[in-house]
Protein chains: 2
Amino acid sequence: MGINERKERERDAVKDLILNAAREIFLAEGYENTSIRKIASKIEYSPGIIYNHFKDKNDLLLALHDKAFECKIEALFMSVQNMPDPLERLQATGRGYIQYGIDNPQDYELMFILSCTMEALAVKEEFWQDGAAAINMLKENIRECMEAGYFRKDINPDEISLILWSQVHGLVSLHNKERLNIYAAEDQKAFMFRAYEVFLDMIKKSLA
Amino acid sequence: MGINERKERERDAVKDLILNAAREIFLAEGYENTSIRKIASKIEYSPGIIYNHFKDKNDLLLALHDKAFECKIEALFMSVQNMPDPLERLQATGRGYIQYGIDNPQDYELMFILSCTMEALAVKEEFWQDGAAAINMLKENIRECMEAGYFRKDINPDEISLILWSQVHGLVSLHNKERLNIYAAEDQKAFMFRAYEVFLDMIKKSLA
DNA sequence: AAATATATTGAACACTGTTCAATTTACAAA
DNA sequence: TTTGTAAATTGAACAGTGTTCAATATATTT
């Protein structure tokens, strides 16, 4: 009896339809301008259908967050996984992070800036799963740098990973929220990447 | 004839009434839950009155931003201005920044995260004025650290200031958006401040 | 073919930002 | 003091929002 399976597939197909339409509108017009009616109209369903698949708009947002995380952050780590030198890999990961963040500001906002209310603990754990995996890869990379002799052995990978993450997140979000306009830099992106390289030098020097 | 002056005072009084009510609701319920009708009802005026003082809700947001900036960021720099040692002052400024950011998340969001559309160039310049002043104080502090021999003389205050700012902004916004939940730290705030102190050590060591 | 279960609808509710003609209020001139 | 004028203020109306839910259509089982 593959009927129930087929039914479930059909349900999931509609759910995916909603998610994809939501994501498209979200990327094009931002979260606040992504309305239930717009999504429904895009997939040629009535507004009510969305509430058969998601508790509310926030729940839909959570699903989008998870999808974006799965797709992009893991891809980032994969793209540098073949670099043998751990320090170079660490540096490249940061560069990739920044590049992705400024190239996909809406996606980035979805993953790291937007506040989603999440009452259920199950939802909470699912929400953090992919993020935790990414942080673990980062910490593992830091440990490899310690093994390889780039970093001292008495540093704390937890603290260093937060410093690294805060730095790139800070750069990306200041850039994306146009707060770098305060600097009279001719090319803001270039200025930002230059600062990141200086930061990398500082890391290398001070953790040796 | 002080009549026009009095009229203007009365106009400004209403404007202040709006701004204060807006700020109160904003801090209590967040930007999205701050409606024109709520503000108007709080000050016992009709909704329309707000449009006699502000072009639209975004314009009101801009005014709130400017006010928050004036009040808080300058106060931060004032509070450490009597510290004679430039490096200590630099470090304390960062600590104060983080503390303010996590103690006043709504205010912080208003100043550094919220996107306000701003077409008029005049608006733009006014918007960045206070921020630019703060960055200049930061850069001046860095230069003093160079003079005092704490930092090498071949560093670029622009780049270093962005690194410092990105770091503390990154910490605050990851914390406030609850993204630090990924870390299994017993006390997230303490963990964050510890990371900041490690970062300060790195700065000191690598720029010497 | 009838009964059942599920998917889907679309109207309705209570909200939102914004506009604008109508009104009230406050002051100046006659 | 009355009239004229300019400004402040109103509140209804418009078009939009998220959300709910009884009604309906569709598909499967008996």
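# Close-up views of a protein pair on DNA

A polar backbone atom of Thr34(A) sits 3.4 Å from a phosphate oxygen of DNA strand D. This is a predicted model, in which local features need pLDDT of at least 70 and side-chain atom pairs count only at pLDDT 80 or more, while totals for chains, interfaces and linings use all residues. Residues are numbered from 1 along each chain as its sequence is written, chains are lettered from A and ligands numbered from 1 in the order in which they are written, and side-chain values use heavy atoms, with hydrogens and water left out.

**View 1. Protein atoms meet phosphates of DNA strand D.** A polar backbone atom of Ser46(B) is 2.8 Å from a phosphate oxygen of DNA strand D. Arg11(B) uses its side chain: an N or O atom there is 3.5 Å from a phosphate oxygen of this strand. Helix H1 (3-29) and helix H2 (36-42) of chain A are the elements that give two or more residues to the surface near DNA strand D. Helices here are DSSP runs of H or I with at least four residues, strands are runs of E with at least two, and both are numbered from the N terminus.

**View 2. The surroundings of DNA strand D take in 18 residues.** The closest are Arg6(A), Ile36(A), Arg37(A), Tyr51(A) and Asn52(B). A residue counts as near a molecule or strand if one of its heavy atoms lies within 4 Å of it. Of the strand D atoms that come within 4 Å of the protein, 58% belong to sugar and phosphate. The nearby surface has five nonpolar, five polar and eight charged residues. Nonpolar covers Ala, Val, Leu, Ile, Met, Phe, Trp, Tyr, Cys and Pro; charged covers Asp, Glu, Lys and Arg; polar covers the others, Gly among them.

**View 3. Chain B meets both a base and phosphates of DNA strand C.** A polar side-chain atom of Arg37(B) lies 2.6 Å from a base oxygen of DNA strand C. Ile36(B) offers a polar backbone atom, 2.8 Å from a phosphate oxygen of the strand. A backbone N or O atom of Lys57(B) lies 2.9 Å from a phosphate oxygen of DNA strand C. Helix H1 (3-29) and helix H2 (36-42) of chain B are the elements that give two or more residues to this surface.

**View 4. Around DNA strand C there are 18 residues.** Ser46(A), Asn52(A), Arg6(B), Arg37(B) and Tyr51(B) come nearest. Sugar or phosphate holds 59% of the strand C atoms within 4 Å of the protein, and bases hold the rest. By class, the surface has five nonpolar, five polar and eight charged residues.

**View 5. Chain A is built from eight helices and zero strands.** Its C-alpha trace spans about 60 × 50 × 30 Å along the principal axes. Asp107(A) and Arg23(A) join their side chains in a salt bridge (2.7 Å, N to O). This pair links distant parts of the chain: Asp107(A) is in helix H5, Arg23(A) is in helix H1, and they are 84 residues apart. A salt bridge needs a side-chain nitrogen of Lys or Arg within 4 Å of a carboxyl oxygen of Asp or Glu. By this rule there are 24 salt bridges over all chains.

**View 6. A turn of 180 degrees lays chain A on chain B.** The RMSD is 0.1 Å, with a shift of 0.0 Å along the axis. That is the relation of a two-fold axis. The superposition is by least squares on C-alpha atoms of residues with pLDDT of at least 70 in both copies. Gly170(A) comes closest to the rotation axis among the residues of chain A, at 1.9 Å (C-alpha). The same surface serves both copies, as 100% of the contact residues of chain A recur in chain B.

**View 7. Chain A and chain B each bring 46 residues to their contact.** Contact means heavy atoms within 4.5 Å. The buried area is about 4,200 Å², of which carbon and sulfur atoms give 68%. Buried area is the accessible area (1.4 Å probe) that two parts lose on being put together, summed over both. Arg179(A), Ile182(A) and Tyr183(A) supply 18% of the area that chain A buries against chain B, more than any other three residues.

**View 8. Two salt bridges cross the interface of chain A and chain B.** In one salt bridge, the side chains of Arg194(A) and Glu159(B) meet (3.7 Å, N to O). H7(A) gives the most to the side of chain A that touches chain B, with 14 residues. That side divides into 26 nonpolar, eleven polar and nine charged residues.

Technical notes. Polar contact = N/O pair within 3.5 Å; in protein donor to acceptor, adjacent residues only side chain to side chain.
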